[in-house]
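Q: Please take a close look at the empty space inside this protein. What lines it?

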Amino acid sequence: MGKIGHTIVGVLSIVAVVFCACALTDGRSIVTLRTDHKEIPVTLSGAGTNLPIQGLPGIGYPYGIGVYQDSNGRKWEDGSGFAELSLDTTQTELTRRSSHVTNLYGCDDHQKRGQLVLACVFICLIVSSAAVIASLRGVATESRGAGIASLVFQILNFIFFLIGMAGGASLFNEEFECKSGDVIVFDLKLADYFDLNYALPFLVIGVVASIINIIVIVASGSLSDPEKSKGAPDDSSSDS
């Protein structure tokens, strides 16, 4: 059963590696802007008004936010604040300034949650890659060390997939203030203006897959010493 267990764990770990790589490279893996023109209440230089979310510079359709970067290729920490710009700023100027929307509008809490998800997905990519190597070694040698290593990697994956899932859910469902100087202030809940993409559901699947892998490793005998298992029948036969 050891080889079968390592094979199952290896396949699921490869799936995790592919997911993490896709989520990191896709600039729309977390959320994508909706096609409707729902308005958002904003305060411009102290005056309240309503503006279509697509009317805000830098958030034109089909804008999206990914784990590592947004659909414009801007990382979470890239760019400057809106205080230096205005609502008349052109998309060309925004592109030249290379601002991620969370920096552009001072959405600090969104940025922190997004960077938490980024860190967790990146760690899971490394851990899952190591888990694939441990599984290959387990299939080849059926050693107890490979089983223990696989178990440790899956526990780590479970922890960081779980943290990433919680961070992603918070990023999408909680309302945070965005404030860039005294120019523009508004409260933004991504779920009101964006559609959820595949990153968060895949983080949930990652948690479930890690639990399955842990169960498979324990139940398949991957943690047992194959030499002792083989030696036990020989000892009993020699006594008889």
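**Cavity and pocket linings**

A: Start with the cavity lining in this predicted model. By class, the lining of the largest cavity holds 13 nonpolar residues and 2 polar ones. No charged residue is part of that lining.

How many residues is that in total? The lining of the largest cavity is made of 15 residues. Nearest the centre of the cavity lie Ile-65, Val-101, Thr-102, Leu-188 and Leu-190. Two elements give two or more residues to this lining: helix 3 (101-104) and strand 6 (184-188).

Now the volume. The largest cavity encloses about 110 Å³ of space. The structure holds 1 cavity of 30 Å³ or more.

Next, the open space. The largest pocket has about 180 Å³ of space. Its lining counts 14 residues, and those closest to the pocket centre are Val-15, Ala-16, Ile-205, Gly-206 and Ala-209.

Which elements build the pocket lining? Helix 1 (2-25), helix 5 (144-173) and helix 7 (199-219) each supply at least two residues. Helix 7 gives the largest share, with 6 residues.

The chemistry of the pocket lining comes last. Here 8 residues are nonpolar and 6 are polar. Charged residues are absent from the lining of the largest pocket, and the lining of the largest cavity has none either.

Note on methods:
Residues are numbered from 1 along each chain as its sequence is written. This is a predicted model: local features need pLDDT of at least 70, side-chain atom pairs count only at pLDDT 80 or more; totals for chains, interfaces and linings use all residues. Side-chain values use heavy atoms; hydrogens and water are left out. On a 1 Å grid over the protein atoms alone, a cavity is a set of points where a 1.4 Å probe fits but cannot get out, and a pocket is an open set with protein on both sides within 12 Å along at least five of seven lines; lining residues have an atom within 4 Å of a point. Grid points are joined across faces, edges and corners, and a volume is the space filled by probe spheres set on the points. Helices (H or I, at least four residues) and strands (E, at least two) are DSSP runs, numbered from the N terminus. Ala, Val, Leu, Ile, Met, Phe, Trp, Tyr, Cys and Pro count as nonpolar, Asp, Glu, Lys and Arg as charged, and the others, Gly among them, as polar.
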